[in-house]
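Student: Could you take me through the core of this protein in detail, and then show me how the rest of the fold sits around that part? I would like the cut-offs as we go.

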Amino acid sequence: MINKEEEKKTISEYVQLFSTATKQRKSKNTKLALSTYTQCLDMISKINNIEKMCESNFFIAQCAFKLNDIEKSKEHYSSSMKLIDKVNRQDFPFYKVKGRLIAKMIHVFFSLNQSNECCMFINQNLSSISSEYTLVEKLSLFYYFIKELLYPLKKGKRLSSFISD
């Protein structure tokens, strides 16, 4: 069992390491960022901090996707999806991350050419969202979902052709 002092120390070390990983990712050093985020996940798993585990899995998946390791990306996005419903919604950007996660999982399914799984995933999440969230929560979640889902189109100047179609 870990005491409060050790937990505080681990979280402090995690925050510093996570900051380093974020700088690495933003400077396009994706392989190093992936390694650093993995260290973050290993570190924070010892104290079982769900919010930080969710966050680490999300960014590991992003880096893996960028490095074309789609299976690893799917694994970590799935882990993040399982953890996100356990987080404290007041202390975590829940709707932003949940919306982005759903969109990222759709990207992964399409990248792996798994259209049946993608359809099941979308139906499952839409029915869950429609029954469990208020209108304001749905709007917040879908804002981030749509923004993230269409982001690849924006980068390649394909958004205007998508809109005109």
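Tutor: Happy to! The largest nonpolar core holds 42 residues, and Tyr37, Ile84 and Ile102 have the most contacts inside it. Here a nonpolar core is a set of buried Ala, Val, Leu, Ile, Met, Phe, Trp, Tyr and Cys residues joined through side-chain atoms within 4.5 Å; buried means under 20% relative accessible area, exposed over 50%, and partly exposed in between, with a 1.4 Å probe and protein chains only. Two or more residues of this core come from each of α1 (4–26), α2 (30–45), α3 (50–66), α4, α5, α6 and α7 (135–155). Among these elements, α5 gives the most, with 10 residues. As a general rule, nonpolar side chains tend to be buried together in soluble globular proteins.

Before going further, a word on the model and its numbering. This is a predicted model, in which local features need pLDDT of at least 70 and side-chain atom pairs count only at pLDDT 80 or more, while totals for chains, interfaces and linings use all residues. Residues are numbered from 1 along each chain as its sequence is written, and side-chain values use heavy atoms, with hydrogens and water left out.

Now to some individual residues. Ile84, one of the core residues with the most contacts, is in contact with Cys54, Phe92, Phe94, Val97, Lys98 and Leu101, leaving aside neighbours within four places in sequence. Contact means heavy atoms within 4.5 Å.

Tyr37, also named among the best-connected core residues, turns up as a partner of two residues in α3. One is Phe59, which is found in helix α3 and is buried, with a relative accessible area of 15%. Not counting residues up to four places away in sequence, Phe59 touches Phe18, Arg25 and Tyr37. Phe59 and Tyr77 are 18 residues apart in sequence, and their C-alpha atoms are 8.7 Å apart in space. The other is Cys63, also placed in helix α3; Cys63 counts as buried because its relative accessibility is 1%. With neighbours within four places in sequence set aside, Cys63 is in contact with Arg25, Thr30, Ala33, Leu34 and Tyr37. From Cys63 to Gln16 the C-alpha distance is 19 Å, with their positions 47 residues apart in sequence.

A second cysteine offers a contrast. Cys119 lies in helix α6 and counts as partly exposed, because its relative accessibility is 46%. Cys119 and Asp69 are 50 residues apart in sequence and 22 Å apart in space, C-alpha to C-alpha.

Stepping back to the whole fold, the protein has eight helices and zero strands, which read along the sequence as α-α-α-α-α-α-α-α. Helices (H or I, at least four residues) and strands (E, at least two) are DSSP runs, numbered from the N terminus. Of the 165 residues, 39% count as buried. Among contacts with a separation of 6 or more, 58% are between residues 24 or more positions apart. The C-alpha trace spans about 55 × 40 × 25 Å along its principal axes. The radius of gyration is 17 Å, which agrees with the value near 15 Å for a compact globule of 165 residues; this radius is taken over C-alpha atoms, and the globule rule is 2.2 Å times the number of residues to the power 0.38.

Two loops deserve a look as well. Asn68 lies in the loop between α3 and α4, and Asn113 is found in the loop between α5 and α6. Phi is near 65° at Asn68, a positive value in a residue other than glycine, and near 60° at Asn113, again positive and not in a glycine. For comparison, most residues other than glycine have a negative phi. Asn68 counts as exposed because its relative accessibility is 64%, and Asn113 counts as exposed because its value is 68%.

Finally, there is a pocket to consider alongside the core. α4 (70–84), α5 (94–111) and α6 (115–132) each supply at least two residues of the lining of the second largest pocket, and α6 gives the most, with six residues. A pocket here is an open set of points on a 1 Å grid over the protein atoms alone, where a 1.4 Å probe fits, with protein on both sides within 12 Å along at least five of seven lines; lining residues have an atom within 4 Å of a point.
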